[in-house]
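Work through the exercises below with the sequence and the coordinates side by side, and try each task before reading its solution.

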Amino acid sequence: MNVKLVRVTSGEDIICDLIEETDDSVTFENAIIAIPAGNGQISFAPWSPLLSKEVKSLTISKKFVMYVAEPQDQMVDEYKSIFSPIIAPTKKLAL
């Protein structure tokens, strides 16, 4: 899983599994956006809620992408807990 933060020209911050990035486009899966939920909390919603569940990946033109970057570790962990069938621990236990 290649979790990235994609900022698009509409101002949305998309957290997604980046599949491919070319000179002209970006292809990703399982795109979500973070939404302020009050009291300093963040919740997540589908980036395109009306998109058919049959659509597995989306490709958008780079002319609509401001940047592609690494999200905060906490966002990556939360994303993986949502979309990964297996959750790997991020910290080792001290014995």
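**Exercise 1: Thr27 and its surroundings**

Find the residue whose side chain makes a polar contact with that of Thr27, and describe where Thr27 sits.

Solution. In this predicted model, the side chains of Thr27 and Thr59 are joined by a polar contact of 2.8 Å. Next, place the residue in the fold: Thr27 belongs to strand E3, which covers residues 25-38. Then consider its exposure: the relative accessible area of Thr27 is 10%, and because buried means under 20%, Thr27 counts as buried. Finally, list the contacts that lie beyond four places in sequence: Thr27 touches Asp17, Leu18, Ile19 and Glu20, and also Ser57, Leu58 and Thr59.

**Exercise 2: Salt bridges**

Determine how many salt bridges the whole structure holds, and then work out for each one where its partners lie and whether they are buried or exposed.

Solution. A search of the whole structure gives 3 salt bridges. As background, side chains of opposite charge can pair when their charged atoms come close.

Step 1. Take Lys4 and Glu70, whose closest N and O atoms are 2.1 Å apart. This pair connects distant parts of the chain, since Lys4 lies in strand E1 (residues 3-8) while Glu70 lies in the loop between strand E6 (65-69) and helix H1 (73-83), 66 residues apart. The two ends fall into separate exposure classes: Lys4 is buried at 15% relative accessible area, whereas Glu70, at 57%, is exposed, the limit for exposed being over 50%.

Step 2. Turn to Arg7 and Asp13, whose side chains form a salt bridge with an N to O distance of 2.7 Å. Arg7 has a relative accessible area of 23% and is partly exposed, and Asp13, with 32%, is likewise partly exposed.

Step 3. Examine Glu21 and Lys62, which meet through their side chains in a salt bridge of 3.0 Å, N to O. Here too distant parts of the chain are linked, with Glu21 in strand E2 (residues 13-21) and Lys62 in the loop between strand E5 (58-61) and E6, 41 residues apart. Glu21 is partly exposed at 43% relative accessibility, and Lys62 is partly exposed with a relative accessible area of 26%.

**Exercise 3: Aromatic pairs**

Which arrangement do the rings of Phe28 and Trp47 adopt, and which do those of Tyr79 and Phe83 adopt?

Solution. A pair of aromatic rings is described by the distance of the centres and the angle of the planes, and the structure as a whole contains 2 aromatic pairs.

Step 1. For Phe28 and Trp47, the ring centres are 5.6 Å apart and the planes stand at 65°, so the pair is edge-to-face, a class that begins over 60 degrees. Phe28 is in strand E3 and Trp47 in the loop between strand E4 (41-46) and E5, so that the pair, 19 residues apart, links distant parts of the chain. Phe28 is buried, with a relative accessible area of 1%, and Trp47, at 19%, also counts as buried.

Step 2. For Tyr79 and Phe83, the centres lie 4.7 Å from each other with 45° between the planes, and the pair is tilted. Both residues are in helix H1, 4 residues apart, which is about one turn of the helix. Their exposure is given by separate values: Tyr79 is buried with a relative accessible area of 1%, while Phe83 is partly exposed with 28%.

Technical notes: Residues numbered from 1 in each chain as written. Predicted model: local features only at pLDDT ≥ 70, side-chain atom pairs only at ≥ 80, totals over all residues. Heavy atoms only, no water. Helix = DSSP H or I, 4+ residues; strand = E, 2+ residues; numbered from the N terminus. Buried < 20%, exposed > 50% of the residue type's maximum accessible area, 1.4 Å probe, protein only. Polar contact = N/O pair within 3.5 Å; in protein donor to acceptor, adjacent residues only side chain to side chain. Contact = heavy atoms within 4.5 Å. Salt bridge = Lys/Arg side-chain N within 4 Å of Asp/Glu carboxyl O. Phe/Tyr/Trp six-rings, centres within 6.5 Å; stacked < 30°, edge-to-face > 60°.
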